[in-house]
Protein chains: 2
Amino acid sequence: MRERFYKIGEVSEMLDIEQYTLRYLENSLKLKIKRDERGDRQYSESDLDTLKLIMELREKGLNTTAIKMALENVEQVEETRVAPVNDNLLTTNIPELLALAQQIVVQNEEMLDNNKLLTERINRLEEKVEKRNMERERKIDEFLTLWKNEQEGKNKSWLSKLVGK
Amino acid sequence: MRERFYKIGEVSEMLDIEQYTLRYLENSLKLKIKRDERGDRQYSESDLDTLKLIMELREKGLNTTAIKMALENVEQVEETRVAPVNDNLLTTNIPELLALAQQIVVQNEEMLDNNKLLTERINRLEEKVEKRNMERERKIDEFLTLWKNEQEGKNKSWLSKLVGK
DNA sequence: ATTTACCTAATAACAAGTTATGAAGTAAGG
DNA sequence: CCTTACTTCATAACTTGTTATTAGGTAAAT
């Protein structure tokens with residue numbers, strides 16, 4: 001399964017960050033974003049996570065240089081993930097944990113957003129179903145009532161008049 | 001042996017920091033500097049160390065908020081006496097790690113609750129739809145029965161005309 | 001052939017953090 | 001009494017980081 005990449009326009013849409021801001025962050029934070037044959041930026045999922053993290057740290061009021069430091073930590077964590085993990089608790093790096101925790105927070109926020117979306121969808125769905133069922137039932141009931149009346153002999157019900165003859 | 005304190009003029013001289021800058025740092029970084037009976041600032045040795053550290057971090061380009069974080073770190077580390085103070089001031093942040101962990105727990109609980117609610121709602125929704133369908137089927141059956149009767153007898157009912165032959 | 005979406009680079013415009021200055025007040029000491 | 005060294009508070013002046021705009025250019029799709 002090939003990794004998916006996003007163009008800067010998509011990223012801008014998804015993360016609600018202006019395109020020039022994305023370019024600015026790339027320069028100021030020295031992010032290395034892939035380019036395709038034509039030179040267009042290709043953002044990977046990992047890049048998206050990084051950007052989310054960056055925005056969070058920004059909201060916290062962290063400086064560009066501070067964010068740079070934090071990112072270095074995250075990179076280290078991901079590098080060491082490849083290597084066999086035989087370190088016990090004593091040798092475990094706190095920065096590693098911190099970076100991981102930050103990632104988890106980002107992921108969780110994403111999940112929370114997802115949850116919210118699901119809730120909205122269910123709301124709409126419930127409303128829809130309710131409305132539709134009511135309507136259908138109403139129509140059938142109406143029809144049946146009229147039909148029954150008709151059956152009982154009333155030839156001149158308003159419906160038959162209305163329908164014509 | 002009583003601790004020695006320095007007045008702002010002395011500190012300014014020793015560390016080559018303007019007095020107004022010292023006051024500014026106290027405010028922006030929320031340092032708690034002792035005051036004497038008259039309200040004059042009294043800088044302790046520890047305060048001097050802190051100030052030196054602050055200037056270093058500043059030179060590195062760290063933000064006020066980043067420095068604030070770093071300072072909290074130092075405090076915590078000195079309190080817990082767990083680890084020697086290394087140069088990873090920004091990231092060796094046990095309190096922050098704990099705070100993050102708590103945040104994660106809260107988020108996860110929220111998500112779990114939400115998930116449970118969503119599941120219940122979906123269950124109810126499905127049940128409802130099922131029930132409605134049953135009901136509708138019943139009514140249609142009823143209708144069909146009547147329709148059959150109609151077909152077998154009265155050829156000129158308004159319904160048959162309406163439906164079209 | 002025109003629109004769309006991307007690129008770079010320069011620069012304007014704005015916001016915020018910081019440095020610096022000044023006014024007005026208090027207490028200690030020569 | 002006058003100077004010195006503090007205090008607070010307000011504000012001016014400057015610096016910097018960031019946002020936003022513009023111009024000029026390429027490639028692909030309509």
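Here are three short exercises, each with a worked solution, on a predicted model of protein chains with DNA.

**Exercise 1. Find which residues surround DNA strand D, and work out which parts of the strand they meet.**

Solution.
- Step 1: Start with the count. DNA strand D is surrounded by 16 residues, and the closest are A:Y20, A:Y24, A:T64, B:R23 and B:R41.
- Step 2: Turn to the DNA side. Of the strand D atoms that come within 4 Å of the protein, 87% belong to sugar and phosphate.
- Step 3: Look at individual contacts with phosphate oxygens of strand D. An N or O atom in the side chain of A:Y20 is 2.5 Å from one. For A:T64, a polar side-chain atom lies 2.8 Å from a phosphate oxygen, and for B:Q19 the distance is 3.4 Å.
- Step 4: Place the surface on the fold. Two or more residues each come from helix 2 (19-28) of chain A, and from helix 1 (8-15) and helix 2 (19-28) of chain B. Helix 2 of chain A gives the largest share, three residues.
- Step 5: Sort by residue type. The surface near strand D holds eight charged, five polar and three nonpolar residues.

**Exercise 2. Trace how strand 3 of chain B pairs with strand 1 and with strand 2 of that chain.**

Solution.
- Step 1: Take strand 1 (residues 5-6) of chain B. Two bridges link strand 1 to strand 3 in the antiparallel sense, and B:Y6 has B:Y43 as its bridge partner in strand 3.
- Step 2: Move to strand 2 of chain B. Strand 2 and strand 3 also run antiparallel and are joined by two bridges; here B:K34 stands opposite B:Q42.
- Step 3: Inspect the connection. Strands 2 and 3 of chain B form a hairpin with five residues between them. In the turn, B:G39 has a positive phi of about 100°.

**Exercise 3. Locate B:D36 and decide what its side chain meets: a salt bridge partner or a backbone atom?**

Solution.
- Step 1: Find the residue. B:D36 sits in the loop between strand 2 (34-35) and strand 3 (41-44) of chain B.
- Step 2: Check for opposite charge. The nearest such side chain is that of B:R38, 4.7 Å away. A salt bridge needs a side-chain nitrogen within 4 Å of a carboxyl oxygen, and B:D36 has no salt bridge although it is buried.
- Step 3: Check the backbone. A polar side-chain atom of B:D36 lies 2.8 Å from the backbone nitrogen of B:D40. The backbone atom is therefore the answer, as this pair falls within the 3.5 Å limit for a polar contact.

Key:
Residues numbered from 1 in each chain as written. Chains lettered and ligands numbered in written order. Predicted model: local features only at pLDDT ≥ 70, side-chain atom pairs only at ≥ 80, totals over all residues. Heavy atoms only, no water. Near = heavy atom within 4 Å. Polar contact = N/O pair within 3.5 Å; in protein donor to acceptor, adjacent residues only side chain to side chain. Helix = DSSP H or I, 4+ residues; strand = E, 2+ residues; numbered from the N terminus. Nonpolar A, V, L, I, M, F, W, Y, C, P; charged D, E, K, R; others polar. Buried < 20%, exposed > 50% of the residue type's maximum accessible area, 1.4 Å probe, protein only. Lys, Arg positive; Asp, Glu negative; His and termini not counted. Pairing = 2+ DSSP bridges.
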